Amino acid sequence: MMACTACAAADGGIALDGPRGGWRNGALAEDRESAIAAAYPKPPVDRGGQKNRTLIEGQLRQAGKNRQPGRLIVNGIDMPLYTDEQGRFVKPWAFGPGSNSVEIVAPGGTRRRLQFYETHAEKTRSKLRIVLGWDDARAEVDLHILTPDGEHAFWAQPLLRRGGGLDVDSVDGGGPEIFSTATPLPGTYLVYVNYWGNFNAAGYNFDADAHDKPLITTRVTIVSNENTPDERQETLVVPLRRVGDLTFVRAVRYGEKR
């Protein structure tokens, strides 16, 4: 803990304990990380070490109950970063092969960034990835994907029969939720977000006043051909106002000639 505090002081109040920078073999690292079941904010039900997830964890100095969120930027994808009262954060992510970056931005603007290279030879590269984040720590928002062949990937059915699905289904405040597939079907993917409910120390609830903000802002980032010269990113901002809102975000056409 003393080393972590010294690290935070040396980096402008940001300690980034994982993942490590440099060269990394995810097959070894994820086996260890899957034993860690808790993320923050701690949800009533934690789905634990989901396959292929890596934990981004660390601490922001000078925390407290009324602290504004920081920002988490992973491979250019930006979302709010919520912490506990001690400033600790733990966020799951699904990293692909090749070069990856993680940047933490403290509420005052101080930044810390690391780069690592994923060397796991058997890790498949995502050709279509969709990432959801949102700006309310007590709200639970779900990502829903309808595939060209009629399948529906969401929290109750995360995996697709042809491969792919929800790599990360985060039940902690702010996300992320991540859909990815290495072998997307040609055709149209339909992307929806659902304001499912809220949670607190007593558990999940559907109390309309149990969230932190009257309007929750979600950010949906669509990434095609990740980590290649042909990579493209598009981010859409979608507001949610009421528990139960199911909002259509975008029709994503993949592999079709125009």
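Is R129 buried or exposed? R129 is buried, at 3% relative accessibility, where buried means under 20% relative accessible area, exposed over 50%, and partly exposed in between (1.4 Å probe, protein chains only).

The model is predicted: local features need pLDDT of at least 70, side-chain atom pairs count only at pLDDT 80 or more, and totals for chains, interfaces and linings use all residues. Residues are numbered from 1 along each chain as its sequence is written, and side-chain values use heavy atoms, with hydrogens and water left out.

**Exercise 1.** Describe the salt bridge of R129 and place both partners.

Solution. A salt bridge is a side-chain nitrogen of Lys or Arg within 4 Å of a carboxyl oxygen of Asp or Glu. R129 makes one with E226, with 2.9 Å between the closest N and O atoms. R129 lies in strand β9 (residues 128–134) and E226 in the loop between β16 (216–224) and β17 (232–240), so the pair links distant parts of the chain, 97 residues apart; strands (E, at least two residues) are DSSP runs, numbered from the N terminus. E226 is buried, at 10%.

**Exercise 2.** Do likewise for R88 and D17.

Solution. Their side chains meet in a salt bridge at 3.1 Å, N to O. R88 sits in strand β6 (residues 88–93) and D17 in strand β1 (residues 14–18), 71 residues apart. R88 is partly exposed at 24% relative accessibility, and D17 is partly exposed at 25%.

**Exercise 3.** Classify the partners of the R71 and D78 salt bridge.

Solution. The closest N and O atoms of R71 and D78 are 2.6 Å apart. R71 has a relative accessible area of 31% and is partly exposed. D78, at 19%, counts as buried.

Terms used:
Helices (H or I, at least four residues) and strands (E, at least two) are DSSP runs, numbered from the N terminus.
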